Amino acid sequence: MIDFNVDSARCTRCGQCVADCPSRIIVMRDHAVPSIAPEKERACLRCEHCLAVCPEAALSILGFSPDVSTLLKGHLPEPDQLETLIAGRRSVRRYRSENLSPELIDRLIAVAFFAPTGVNTRKIRFTVLDDREKTARFRDEVMNRLVRLLEEGAFPESKTYYARFVKVWEKHKIDLVFRDAPHLLVVTAPKSLSTPREDCVIALTTFELYAQACGIGTLWNGIATWAIEQMLPEMRQRLGIPDDHAFGYAMLFGKPAVHYARTVQHHPPEIYRVP
Ligand SMILES: Cc1cc2nc3c(=O)[nH]c(=O)nc-3n(C[C@H](O)[C@H](O)[C@H](O)COP(=O)(O)O)c2cc1C
């Protein structure tokens, strides 16, 4: 049951919901309000375009009332503000040693969950280390296992660059991998989905931008991702990641101990205009 309801007093029969439905299952017969035939409900993508597009807030679906949604008019950032956020986003490698509140972590994840997913499955899973002690314990385990693998000569040729970080940890206990960040977020998704890895990376990209808008630092963690995914599969279990999940990516986050004053500048991107 998708619980599709139209308030006939509010509905002007403008047909926007009919025209915008990606599955084309909404119909408007004669002068009746829009409806979906029960046998068509299975084709619903649950994207809520019908709720979002209705100018009169006449349409509810999946138990969501349009009156609870945020109106876009007057509430969107200006493009130059968003550009500054995108160009001012930095990889943060210095963190304050304090936890974010559970409420803030929940909010960052809830907003990231608005990211699009293939066929709107939204089956991604957010695995979070929500306490700096937990993150430090996990870091110690990963780094100490990497030290052993390095000693055994198990590092692949292509990853000799990472060996330096592991040696620095071994000799000086300086953390160039997890950067002493208080939190780690890993996003995974069932391998059976059509786009599991893309879904995870898009969610993390969304998480990163929103987190930085909130003054929270983030760092894509390629080394931890490689270590957990390729070298230390037991760490997947340690994090409670289901066996049938594709590993999306790992991201560090927390309050930054660094403040960036300005955006960086890039030379123009390569653009190929197909003749
Ligand atoms: C997929 C991905 C993996 C990354 N892995 C690491 C990493 O393991 N360690 C690290 O310090 N930075 C990592 N980075 C950060 C990049 O080095 C960084 O984005 C780049 O130097 C540009 O800096 P900026 O993000 O501040 O613009 C990663 C970035 C991406 C997109």
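Here are a few questions and answers about this predicted model. Residues are numbered from 1 along each chain as its sequence is written. Local features need pLDDT of at least 70 and side-chain atom pairs count only at pLDDT 80 or more, while totals for chains, interfaces and linings use all residues.

User: Which residues of H6 are buried?

Analyst: Helices here are DSSP runs of H or I with at least four residues, strands are runs of E with at least two, and both are numbered from the N terminus. A residue is buried if 20 or more other C-beta atoms, placed from the backbone, lie within 10 Å of its own, exposed if 12 or fewer, and partly exposed in between. By that count, the buried residues of H6 are Tyr162, Val166 and Trp169.

User: How many degrees around the axis of H6 do they cover?

Analyst: An α-helix has 3.6 residues a turn, so residues three or four places apart point the same way. The arc, taken from the directions from the helix axis to the C-beta atoms, puts the buried residues on the same side of H6. Over on the other side, Thr160, Tyr161, Arg164, Lys171 and His172 are exposed. The arc of the buried ones is only 55°.

User: Which helices are included in what covers the buried residues of H6?

Analyst: Contact means that two C-beta atoms, placed from the backbone, lie within 7 Å. On that basis, the cover includes helix H5 (132-151) and helix H8 (222-231).

User: What does H7 reach from its first C-alpha to its last?

Analyst: The expected span of a helix is 1.5 Å times one less than its number of residues. H7 runs over residues 196-213 and has 18 residues, with 26 Å expected. Its reach is close to that, at 26 Å.

User: Which elements give two or more residues to the shell around the ligand?

Analyst: A residue is near the ligand if its C-beta atom, placed from the backbone, lies within 6 Å of it. The ligand is surrounded by Arg90, Ser91, Arg93, Leu219, Trp220, Asn221, Gly222 and Ile223. Two or more come from each of strand E7 (217-220) and H8.

User: Is Arg24 buried or exposed?

Analyst: Arg24 sits in the loop between helix H1 (16-20) and strand E2 (26-27). Its phi is near 55°, a positive value in a residue other than glycine. With 11 other C-beta atoms within 10 Å, Arg24 is exposed.
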